[in-house]
Amino acid sequence: STVDKSTGQPLSPFYPPNPVLLRRVRELWQNEAGLIGDEAARRMPLPDLPTWQKTHRFEPKAVSVPSVIPQAYLSYEMARSACENAGKRLCSKPEWLRACKGESQNRFPYGENFIRSRCNIHRLHHPAFVLHGDSSVGHTDPRLNLIVEAPGDPLLRLTGATPGCASTWHGDAIFDMVGNLDEWVDDQRGVFVGGFYARATTQGCLAEISSHAEIYYDYSTGTRCCKTLAPDSGAR
């Protein structure tokens, strides 16, 4: 998730954490939301936005918190800035892969073979199809990550809510590296990895998209931050 660097107040995960882009997206969908999709979709309101975030400038800072909605709508530049504001950086692809594969360095966080539904990936519904009747349009719509596939099971789950997908390290765990949201890595080609909840992939940690520019963002793009620790810090 993200918070404002100066105040620590949480930023809405349903909008890009950039003041200019947030206003642009919000104004667009205040008009468009009532014009496309079926009747139920047209009636669905935009997610709430904190009053202060509507009127004040802010700068995103990445934070790692369990049981919250993860921050989507991140471009490469927004992701890099959020990590740097947290005293960290975007992960390189090799270190991201190593973390995803876990101690055993398997293809998936949980093992070597694909197990359907073990990670929040390859879901049956695509939120853009549900809202717009077309999976290929309207990907900045702030409502997309509010779609629920079944009672109590939103398409975008809270952080750490898919424990069977976690990679393990010395008795600890790293959650959501496959599924939930795609994650930008530090690659000038504009690469995000892992796959988001509606991506039809069985590649696990090897899932990769490199067809978008660094300025691209939508409801499926998030990030993960890394930090290099001193040799004597006790880190493994």
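**Figure 1. The disulfide of Cys100 and Cys205 is left-handed, with -85° about the S-S bond.** This view, like the others here, comes from a predicted model. The two sulfur atoms of Cys100 and Cys205 sit 2.1 Å apart. Cys100 belongs to helix H5 (residues 93-101), while Cys205 is found in the loop between E9 and E10, so this pair ties together parts of the chain that are 105 residues apart in sequence. Are these two cysteines buried or exposed? Cys100 counts as buried, at 0% relative accessibility, and Cys205 counts as buried too, at 1%.

**Figure 2. Cys83 and Cys225 are joined by a disulfide.** Here the sulfur atoms are 2.1 Å apart, and the link is left-handed, with -85° about the S-S bond. Look for Cys83 in helix H4 and for Cys225 in strand E12 (residues 225-226); they are 142 residues apart in sequence, so the pair ties together distant stretches of the chain. Cys83 has 0% relative accessibility, so it counts as buried.

**Figure 3. A right-handed disulfide links Cys119 and Cys165.** The S to S distance is 1.9 Å. Why is this one called right-handed? The torsion about its S-S bond is about 85°, so the disulfide of Cys119 and Cys165 gets that label. Cys119 lies in the loop between H5 and H6, and Cys165 in the loop between strand E5 (153-154) and strand E6 (167-169), with their positions 46 residues apart in sequence. Both ends are tucked away: Cys119 counts as buried at 5% relative accessibility, and Cys165 counts as buried at 2%.

**Figure 4. The chain has four disulfides, and here is how they pair up.** A disulfide is a covalent bond between the sulfur atoms of two cysteines. Number the bonded cysteines in sequence order, and the pairing reads 1-7, 2-8, 3-6, 4-5.

**Figure 5. Four strands make an open sheet, in the order E10-E9-E8-E11.** The pairing in this sheet is mixed. Which strands stand at the edges? Strand E10 (208-209) and strand E11 (221-223) do; each has a single partner strand, so one side of each is left without a neighbour in the sheet. Further in, strand E8 (residues 182-184) and strand E9 (residues 192-193) run antiparallel and are joined by two bridges. To spot a particular partnership, start at Trp184 and look across to E9, where its bridge partner is Phe192. As background, strands of a sheet pair through backbone hydrogen bonds, either parallel or antiparallel.

**Figure 6. The largest nonpolar core brings together 36 residues.** In soluble globular proteins, nonpolar side chains tend to be buried together. The residues with the most contacts inside this core are Tyr15, Tyr73, Leu144, Trp184, Tyr197, Tyr217 and Tyr219. Which elements give two or more residues to the core? They are helix H1 (19-32), helix H4 (76-85) and helix H6 (127-132). Apart from this core lies another, of 17 residues, including Ala99, Phe108, Val185 and Val193.

**Figure 7. A closer look at Tyr15 and what it touches.** Set aside the neighbours within four places in sequence, and Tyr15 is still in contact with a good list of residues. Among them are Leu22, Val25 and Arg26, the run Leu46, Pro47, Asp48 and Leu49, and also Gln71, Ala72, Tyr73 and Pro142. Tyr73 may look familiar: like Tyr15, it is one of the residues with the most contacts inside the largest nonpolar core.

Conventions:
Residues are numbered from 1 along each chain as its sequence is written. This is a predicted model: local features need pLDDT of at least 70, side-chain atom pairs count only at pLDDT 80 or more; totals for chains, interfaces and linings use all residues. Side-chain values use heavy atoms; hydrogens and water are left out. Two strands pair if DSSP finds at least two bridges between them. A nonpolar core is a set of buried Ala, Val, Leu, Ile, Met, Phe, Trp, Tyr and Cys residues joined through side-chain atoms within 4.5 Å. Buried means under 20% relative accessible area, exposed over 50%, partly exposed in between (1.4 Å probe, protein chains only). Contact means heavy atoms within 4.5 Å. A disulfide is a pair of cysteine sulfur atoms within 2.5 Å.
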